[in-house]
Amino acid sequence: MQPHPNVRAVQEALDGAGARDGAGAPTEVRLLPEAVHTAAAAAEALGVEVGQIANSLIFEADGAPLLVLTSGAHRVDTPELAASLGVTRLRRASPSFVKEHTGQVIGGVAPVGHPAPLRTLVDTALEAYDEIWAAGGVPRAVFPTTYSELLRVTAGTPTEVA
């Protein structure tokens, strides 16, 4: 069976960046038996803590896309984040805005594999975990990584988001 085009795009982005998992092996996107649309569902399916799930949240920041990779253990403090970024309007993006800027749908948005690079913030709370899991382009695809690799492959900025 051929993988979904989004999964292929994510894997190609990971390969192109030379991404490694926590054991130092090349990072590989894995397909779960069923779709997982929440951090809690992903954590349960993987047998990990919910905090190890890196939620890929797309925000509209003064009209521009902003990707916030946040620990599944908490929520983004939108007013505080907007103030720290110096933006006047920061809101969760609509499904059509997410699809337009990532090529992916909510519930499966990966940190990489988008049509164009996105400004990315990476939650500093993820640094507490040796292994992090992120979405792989569709709701049943995931991949393992580390905090430092997530920063590197996304060119993300470490940020306290909660």
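Is Gly 136 buried or exposed? Keep that in mind; the tour reaches this residue after a look at the whole fold. The model is predicted.

**Stop 1: the whole chain**

Colour by secondary structure. You should find five helices and eight strands. Walk along the sequence and the order reads α-β-α-β-β-α-β-α-β-β-β-α-β.

Now show the C-alpha trace alone. Along its principal axes the trace spans about 45 × 30 × 30 Å. The radius of gyration is 14 Å, which agrees with the value near 15 Å for a compact globule of 162 residues.

Colour by burial next. Buried residues account for 48% of the 162. Then turn on contacts. Take those between residues at least 6 apart in sequence: 63% of them join residues at least 24 apart.

Switch to a surface. The accessible area comes to about 7,900 Å². Carbon and sulfur atoms hold 51% of that area. Select the charged side chains: 11 are positive and 18 are negative. The centres of these two sets lie 8 Å apart.

**Stop 2: the nonpolar cores**

Hide the surface. Select Val 10, Leu 14, Val 29, Ile 58, Val 122 and Leu 126. These residues have the most contacts inside the largest nonpolar core, a set of 28 residues. Several elements give two or more residues to this core, among them helix H1 (5-16), S2, S3 and helix H4 (95-102). Strand S6 (132-135), strand S7 (141-145) and H5 also do so. Which element gives the largest share? H5 does, with four residues.

Centre on Ile 58 and list its contacts, leaving aside neighbours within four places in sequence. Leu 66, Leu 67, Arg 92, Ala 93 and Phe 97 are among its partners. So are Val 98, Thr 102, Val 109 and Leu 118.

Another core, of 12 residues, lies apart from the largest one. Select Ala 61, Leu 66, Val 68 and Leu 81, which are among its members.

**Stop 3: the loop between S6 and S7**

Select Gly 136. This glycine sits in the loop between S6 and S7. Gly 136 is buried, because its relative accessible area is 0%, under the 20% cut-off.

What does Gly 136 touch, leaving aside neighbours within four places in sequence? Its partners include Asn 6, Val 7, Val 10 and Val 29. Gly 108, Ala 110, Ala 141, Val 142 and Phe 143 are also in contact with Gly 136. Measure across to Leu 31: the C-alpha atoms are separated by 8.5 Å, while the two residues are 105 apart along the chain.

Stay in this loop and select Val 138, which also has its place between S6 and S7. Val 138 counts as buried, because its relative accessibility is 13% and the cut-off is 20%. Not counting residues up to four places away in sequence, Val 138 touches His 4, Asn 6, Val 7 and Gly 108. Asn 6, Val 7 and Gly 108 also appear in the list for Gly 136.

For a contrast, draw a line from Val 138 to Leu 90. These residues are 48 apart in sequence and 25 Å apart in space, C-alpha to C-alpha.

**Stop 4: across to Val 105**

From Val 138, pick Val 105. Their C-alpha atoms are separated by 7.0 Å, with their positions 33 residues apart along the chain. Val 105 lies in the loop between H4 and strand S5 (119-123). At 41% relative accessibility, Val 105 counts as partly exposed. Not counting residues up to four places away in sequence, Val 105 touches Lys 99 and Pro 139.

**Stop 5: Ala 128**

Move to the loop between S5 and S6, where Ala 128 has its place. Ala 128 counts as exposed, at 64% relative accessibility. Measure to Gln 52: the two C-alpha atoms are separated by 8.6 Å, and the residues are 76 apart along the chain.

**Stop 6: two backbone angles to check**

Which phi does Asp 62 have? Its phi is positive, about 50°, although Asp 62 is not a glycine. Asp 62 is found in the loop between strand S2 (53-61) and strand S3 (64-71). Asp 62 counts as partly exposed, at 43% relative accessibility.

Finish at Ala 155. Its phi is near 55°, a positive value in a residue other than glycine. Ala 155 is found in the loop between helix H5 (147-154) and strand S8 (157-159). Ala 155 counts as exposed because its relative accessibility, 64%, is over 50%.

Note on methods:
Residues are numbered from 1 along each chain as its sequence is written. This is a predicted model: local features need pLDDT of at least 70, side-chain atom pairs count only at pLDDT 80 or more; totals for chains, interfaces and linings use all residues. Side-chain values use heavy atoms; hydrogens and water are left out. Buried means under 20% relative accessible area, exposed over 50%, partly exposed in between (1.4 Å probe, protein chains only). The radius of gyration is taken over C-alpha atoms; the globule rule is 2.2 Å times the number of residues to the power 0.38. Contact means heavy atoms within 4.5 Å. Accessible areas come from the Shrake-Rupley method with a 1.4 Å probe; for residues, only the protein chains shown count as cover. Lys and Arg count as positive and Asp and Glu as negative; His and the chain ends are not counted. The place of a charge is taken as NZ of Lys, CZ of Arg, CG of Asp or CD of Glu. A nonpolar core is a set of buried Ala, Val, Leu, Ile, Met, Phe, Trp, Tyr and Cys residues joined through side-chain atoms within 4.5 Å.
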